[in-house]
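Trainee: Could you take me through one part of this structure closely? I would like to look at the place where the ligand sits, and then at what lies around it.

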Amino acid sequence: MMETTVSIANKRNSLRDLLGGDLVLTEADDIVRYCTDWHGDVTSGAVAVIRPRSTADVQAAIKTCRTLGLSIVPQGGNTGLVLGGTPDEPESQVVLSLERMNRIRKIDSDDFSAVVEAGCILAELKDATADKGMFFPLALGAQGTCRIGGNVSTNAGGINVLRYGMTRELVLGLEVVLPDGNIFDGLSTLRKDNRGIDLKQLFIGAEGTLGIITAVSLKLTPTPDNVATALLALNSLSDAITLYRRARKDCCDLMSAFEFLPPLAFTLAKEAIPDLPIPLSADYPAYVLLEISGSGLVDIDDLMQRFLEGVMESGLVVDGTIASSHSQARNLWLIREGMNEGQAKRGAHMRTDISIPLPQLASFVADAEAAVREALPDCTSVSYGHVGDGNVHLNVLPPSDATPEERHDRIYRAKSVVSTVVDTYHGSISAEHGIGRLKRKDFEDRLSSTKRRLLVAIKRAIDPDLLFNPHCQINLDAAMDEPD
Ligand SMILES: Cc1cc2nc3c(=O)[nH]c(=O)nc-3n(C[C@H](O)[C@H](O)[C@H](O)COP(=O)(O)OP(=O)(O)OC[C@H]3O[C@@H](n4cnc5c(N)ncnc54)[C@H](O)[C@@H]3O)c2cc1C
């Protein structure tokens with residue numbers, strides 16, 4: 001034990017000597033926030049936190065960590081929900097936080113593109129592009145904290161995916177520092193570049209296992225300055241999916257968000273934001289938050305009015321309200337955001353991020369909720385999400401008076417019950433959030449031998465010494481020594 005303590009102290013001294021005190025944090029109070037997940041459920045430790053100011057600093061950090069035998073866990077805003085950006089071996093890992101590499105290098109409205117450093121906060125980029133009359137469509141609840149490098153590394157989704165795609169579809173180029181310290185310089189803004197295999201794709205969604213993303217070039221679009229937002233009540237999730245199909249046809253590509261909410265969303269949102277106005281009664285079985293947006297000559301308000309007249313006349317939508325101001329629209333979105341916070345306030349619970357083929361989504365939710373009711377009658381299921389993409393969060397809340405042990409037991413059992421139903425429907429256990437360390441076993445249990453072989457081969461080719469984010473996505477400690 002003594003030996004380990006001394007050796008950590010030595011490593012800390014060496015890091016400070018080689019990189020300089022400005023880049024390296026080692027005090028427990030300073031590093032705890034980088035070693036704790038967003039929910040505060042899991043806290044670990046690290047030898048140090050390194051906070052580079054430039055790509056050259058990142059290269060120096062990699063070289064130093066390699067010399068000292070330390071592996072590196074990259075971190076952006078630390079809002080990831082699967083323990084990908086927090087360390088799990090406090091004595092041999094450092095966190096490399098990109099938070100000080102947060103400059104916007106360029107916003108080019110003529111080229112519809114931006115070039116930003118990886119540590120730029122998503123909301124700050126969105127604001128800066130808006131100031132230039134442009135729009136960066138990635139939008140998610142954590143946008144005030146998450147950083148572009150993290151968004152790219154998780155291939156983040158969010159509320160606008162159905163119109164603009166996941167982050168992968170918004171990335172034009174990347175600058176990445178590799179485990180050998182070399183730079184992959186792919187920071188182009190070309191839309192079309194078919195010169196062989198598109199290597200940047202390897203780093204998108206890799207959760208920091210192959211390279212440290214230091215800068216990103218991104219696609220922008222014109223600002224959709226006409227936005228119509230409506231909260232609609234329906235008789236079932238199945239009707240919500242019918243409504244989604246109809247909106248796709250009637251509103252074409254102008255539909256920018258379609259979020260499904262259960263009636264419990266209102267209660268949960270109020271628990272988080274007590275004075276939040278709720279404009280509809282909670283008596284209906286299902287709700288949809290619909291957003292249509294456009295720019296230029298398109299009359300969005302008229303489109304929303306005509307669309308809603310049609311779906312209300314046919315009885316598909318039974319009640320609804322259209323926001324008549326920006327602040328009313330904001331309040332509707334706060335219901336969606338507040339329900340997440342409300343669940344967190346009810347204590348540790350089972351969270352999922354599932355995708356299912358759209359035609360089976362409603363029956364999946366019915367089957368999975370029934371299976372949870374049968375196995376865990378004292379728990380409450382909450383299903384909601386970006387259902388237009390087939391993405392649903394089917395969360396399970398233990399009873400409020402459950403002890404920590406009882407909560408742990410319910411969460412463990414609920415996960416197994418829901419995962420079994422996901423497998424029956426050939427769905428994905430991670431629609432948006434990635435694998436990290438939290439879902440590694442579930443991922444590995446479902447990995448085909450061919451996919452595993454390819455993943456191991458890619459890691460071996462780029463990071464044979466397992467320097468970057470070990471144990472994230474797959475535990476490769478043993479696999480690296482396996483024969484090809
Ligand atoms: C309230 C809330 C709502 C959310 N809603 C959504 C949602 O709708 N859709 C969605 O997809 N996600 C959502 N998330 C999850 C999370 O915000 C995203 O995964 C986000 O993209 C993570 O970005 P980050 O900067 O916080 O990354 P981090 O959490 O810091 O890191 C995530 C992963 O990326 C790696 N990484 C980070 N930066 C780099 C880098 N520069 N180079 C290499 N690797 C790096 C880390 O090692 C880690 O594996 C939500 C989270 C919260 C808390």
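Mentor: What follows starts at the ligand and then moves out along the chain.

Keep one thing in mind from the start. This is a predicted model.

**The ligand and its shell**

Look at the ligand first. It is surrounded by 35 residues. The closest are Pro74, Gly76, Thr79, Gly80 and Glu432. Sort the shell by residue type and you get 11 nonpolar, 21 polar and three charged residues.

Now find the polar contacts. Gly76 uses its backbone: a polar atom there is 2.7 Å from an oxygen atom of the ligand. Asn78 also uses its backbone, with an N or O atom 2.9 Å from a ligand oxygen. His386 uses its side chain instead, and an N or O atom there is 3.5 Å from an oxygen atom of the ligand.

How much of the ligand does the protein bury? Taken alone, the ligand exposes 980 Å², and the protein buries 95% of that.

Which elements give two or more residues to the shell? They are strand 3 (71-75), helix 5 (148-154) and strand 10 (212-219). Helix 5 gives the most, with five residues. Let us take these elements in turn.

**Strand 10**

Start with strand 10. Seven of its eight residues are buried, so the rest of the structure largely encloses this strand.

Strand 10 has pairing partners. Strand 6, residues 113-117, runs antiparallel to strand 10, and five bridges join the two. Within that pair, Ala114 has Leu218 of strand 10 as its bridge partner. Strand 8, residues 171-177, is also antiparallel to strand 10, this time with six bridges. Here Val171 stands opposite Leu218. So find Leu218 on your screen: Ala114 is its bridge partner from strand 6, and Val171 faces it from strand 8.

A general point helps here. Strands of a sheet pair through backbone hydrogen bonds, either parallel or antiparallel.

**Strand 3 and its sheet**

Next comes strand 3. It belongs to an open sheet of four strands, in the order 1-2-4-3. The pairing in this sheet is mixed. Strand 3 is an edge strand, and so is strand 1 (24-25); each pairs on one side only.

Look inside that sheet too. Strand 2 (residues 48-50) and strand 4 (residues 93-97) are parallel and share three bridges. Ala48 stands opposite Val94 of strand 4.

Between strand 3 and strand 4 runs a loop, and Leu83 is in it. Check its backbone: phi is near 60°, a positive value in a residue other than glycine. Is Leu83 buried or exposed? Its relative accessibility is 15%, so Leu83 counts as buried.

**Helix 5 and the loop after it**

Now go to helix 5, which gives five residues to the shell around the ligand. The loop between helix 5 and helix 6 (161-164) holds Asn155. Asn155 has a positive phi of about 50°, although it is not a glycine. It counts as buried because its relative accessibility is 12%.

What does the side chain of Asn155 reach? It comes to 2.8 Å from the backbone nitrogen of Arg168. A polar atom of the same side chain lies 3.4 Å from the backbone nitrogen of Thr167.

**Farther along the chain**

Now compare Asp29, which sits in helix 2 (residues 28-31). Its relative accessibility is 72%, so Asp29 counts as exposed. Asp29 and Leu280 are 251 residues apart along the chain, and their C-alpha atoms are separated by 46 Å.

Finish with another open sheet of four strands. Its order is 13-14-12-15, and its pairing is antiparallel. The edge strands are strand 13 (255-261) and strand 15 (317-322), and each pairs on one side only. Neighbouring strands here are turned by 20° against each other on average, with direction ignored. In this sheet, strand 12 (residues 226-234) and strand 14 (residues 286-294) are antiparallel over nine bridges. One pair to find is Ala233, which stands opposite Tyr287 in strand 14.

Go back to the ligand to close. The protein buries 95% of its area, and strand 3, helix 5 and strand 10 each give two or more residues to its shell.

Conventions. Residues are numbered from 1 along each chain as its sequence is written. This is a predicted model: local features need pLDDT of at least 70, side-chain atom pairs count only at pLDDT 80 or more; totals for chains, interfaces and linings use all residues. Side-chain values use heavy atoms; hydrogens and water are left out. A residue is near a molecule or strand if one of its heavy atoms lies within 4 Å of it. A polar contact is a pair of N or O atoms within 3.5 Å; within protein, one must be able to donate a hydrogen and the other to accept it, and residues adjacent in sequence count only if both atoms are side-chain atoms. Accessible areas come from the Shrake-Rupley method with a 1.4 Å probe; for residues, only the protein chains shown count as cover. Ala, Val, Leu, Ile, Met, Phe, Trp, Tyr, Cys and Pro count as nonpolar, Asp, Glu, Lys and Arg as charged, and the others, Gly among them, as polar. Buried means under 20% relative accessible area, exposed over 50%, partly exposed in between (1.4 Å probe, protein chains only). Two strands pair if DSSP finds at least two bridges between them. Axes are lines fitted to C-alpha atoms, for helices over the stretch in contact, and angles run from 0 to 180 degrees between N-to-C directions.
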